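Hi,

Here is the structure I promised to pass on. Have a look at it first, and my notes follow underneath.

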Amino acid sequence: MRALTALHALNPLDGRRLVCPYCYSRFTERLIRFRCTGRPGPGGRVCAPVEDTAVRTHLGRRELLPPVFGADGRRALAVCPECSSTTGKQVCATCHAQLPVNFGRTRSRLIALVGARDAGKTVFMTVLIHELMNRVGARFGASVGGSDDHTRHRFRADYETPLYEEERLLGATRRTGTTREPLVFRFTAPRRGLTGRRPRHTLLSFFDTAGEDLTSEESVEANLRYLNNADGVILLLDPLQMEGARRLAPAGTRMPAPGRNAGRPLDMLGRVTDLLLKRPGAAGRLIRVPMAVCLTKIDALHGQLDAGSPLHRPQPGEPFFDDSDSQDVHAQVQQLLHRWDGGGIDGHVRNHYRNARYFGVSALGGAPDDGNRVRGGVRPYRVADPFLWMLGEFGVVPSRDGP
């Protein structure tokens with residue numbers, strides 16, 4: 001199992017509990033806590049910084065911070081009981097991460113991104129965010145940016161710069177004993193209401209786990225809360241891990257290592273399904289969570305596609321999700337799954353999921369060279385399609401059948 005990522009979901013308008021975009025724990029708005037500013041209060045008293053064990057345990061960060069205290073989280077400000085200074089820094093009740101501005105008043109959805117080992121999850125995530133910040137954002141009149149300084153710095157330094165400026169392939173996520181902090185972004189798109197044009201905010205929380213996750217009881221339990229909170233799942237599958245596709249790939253194609261049981265696409269899909277079946281009310285029913293199944297690295301197998309294949313079309317550029325185009329791609333990928341995998345994945349999806357859609361994507365647009373360099377730059381193809389389908393399902397972006 002390559003990775004798990006999530007889009008933070010909350011809707012205080014319907015009375016549900018909030019979900020932290022950093023540790024994915026649930027709590028009511030009233031239980032949101034506050035962090036002291038560390039500045040002198042009215043009487044000159046100052047709270048000394050301390051190591052926050054919750055931040056260290058849940059986010060893997062060791063740093064000295066002003067103390068956290070309890071107050072009514074429904075209010076924007078609170079007074080520190082130690083130094084009497086006023087603070088507006090709201091933090092998660094569990095991990096003590098500073099929450100995004102207007103947390104608890106932002107209506108959004110959660111999407112879990114899951115990818116098998118060698119499926120290119122980290123590259124996909126990086127290219128998707130870059131596309132949202134640039135081409136896709138301009139297409140929908142939307143803006144995307146990090147919701148906190150930590151995310152803004154990490155994405156730029158650790159993800160975007162190596163791939164886009166240094167043309168260097170990002171390394172595989174290593175399994176460690178410490179928790180990695182998610183990258184949290186804010187997707188803001190315009191909407192028209194009775195009072196005129198207003199912004200709609202959606203929090204995007206991307207969590208990166210090692211390839212071996214979901215293969216042990218401990219990691220399954222740790223990741224269960226992410227899928228339990230998911231409103232949708234985007235599943236990345238590497239077709240070059242499928243025997244039928246491997247035989248058809250042209251000579252010289254850069255191949256992943258043959259799939260072990262833990263990395264085989266169908267086995268990995270089965271483990272995700274097992275977790276989703278543990279959700280309350282899932283027993284004996286088709287899983288209601290929308291599932292987007294994406295064949296990655298589709299560029300490596302373009303030669304196996306018919307000339308009229310929808311996967312040869314330019315990706316749509318209109319300011320809405322083109323559902324008729326997506327249905328064409330779905331039918332084509334369904335045929336490819338039967339040709340390359342023997343229909344095992346399609347059969348599993350049809351027998352377990354009420355609402356599923358297939359996609360073919362390429363994050364890089366071509367294979368990196370032997371030195372893991374992305375010569376000629378990144379040329380993504382349809383990377384945003386599964387994400388936009390999800391947002392269309394949720395009513396965040398417009399969706400229609402063609403121009």
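**Confidence first**

This is a predicted model, and the average pLDDT over the chain is 83, with 84% of the residues at 70 or higher. Two stretches fall well outside that. Residues 1-15 have a pLDDT below 50, although this stretch makes 94 contacts in the model beyond near neighbours in sequence. Residues 174-179 are also below 50, and there the count of such contacts is 11.

**A strand with neighbours on both sides**

Take strand E16, residues 291-295, to start with. How many of its residues are buried? The count is 5 of the 5, so the strand is largely enclosed by the rest of the structure. Both of its faces are covered: Met291, Val293 and Leu295 are buried on one side, while Ala292 and Cys294 are buried on the other. That fits the usual pattern, since side chains in a regular strand alternate between the two faces of the sheet.

As for partners, E16 runs parallel to strand E15 (residues 232-237), and 5 bridges join the two. Within that pairing, isoleucine 234 has alanine 292 as its bridge partner. E16 also pairs with strand E18 (residues 356-360), again in the parallel sense and over 5 bridges. Here cysteine 294 is matched with phenylalanine 359 of E18.

**A small antiparallel sheet and an arginine**

Elsewhere there is an open sheet of 3 strands, ordered E7-E4-E10, with antiparallel pairing. Strands E7 (68-69) and E10 (90-91) are at the edges and have a single partner strand each, so one side of each has no neighbour in the sheet. Between strand E4 (residues 33-35) and E10 there are 2 bridges, and the partner of phenylalanine 34 in E10 is glutamine 90.

Those two residues come up again with arginine 75, which sits in the loop between E7 and strand E8 (78-79). Leaving aside residues up to four places away in sequence, arginine 75 touches Phe34 and Gln90. Is arginine 75 buried or exposed? Its relative accessible area is 55%, and the cut-off for exposed is over 50%, so arginine 75 counts as exposed. If you want a distance to check in your viewer, the C-alpha atoms of arginine 75 and isoleucine 32 are 9.4 Å apart, with 43 residues separating the two along the chain.

**Two buried hydroxyl residues**

Serine 25 is in the loop that links strand E2 (18-19) to strand E3 (26-27). Its relative accessible area is 13%, and buried means under 20%, so serine 25 is buried despite its place in a loop. What does its side chain meet? There is a polar contact of 3.0 Å with the side chain of threonine 94. Beyond residues up to four places away in sequence, serine 25 touches Leu18, Val19, Cys20, Cys92 and Thr94.

Threonine 161 belongs to helix H4, residues 149-165. With a relative accessible area of 15%, threonine 161 is buried too. Its side chain reaches a backbone atom: the oxygen of arginine 156, at 2.7 Å. With residues up to four places away in sequence set aside, threonine 161 touches Arg156 and Glu166.

When you open the model, I would begin with E16 between its two parallel partners, E15 and E18, and then move on to arginine 75 next to Phe34 and Gln90.

Cheers

How values were computed
Residues are numbered from 1 along each chain as its sequence is written. This is a predicted model: local features need pLDDT of at least 70, side-chain atom pairs count only at pLDDT 80 or more; totals for chains, interfaces and linings use all residues. Side-chain values use heavy atoms; hydrogens and water are left out. Helices (H or I, at least four residues) and strands (E, at least two) are DSSP runs, numbered from the N terminus. Buried means under 20% relative accessible area, exposed over 50%, partly exposed in between (1.4 Å probe, protein chains only). A polar contact is a pair of N or O atoms within 3.5 Å; within protein, one must be able to donate a hydrogen and the other to accept it, and residues adjacent in sequence count only if both atoms are side-chain atoms. Contact means heavy atoms within 4.5 Å. pLDDT is the predictor's confidence in each residue, from 0 to 100. Two strands pair if DSSP finds at least two bridges between them.
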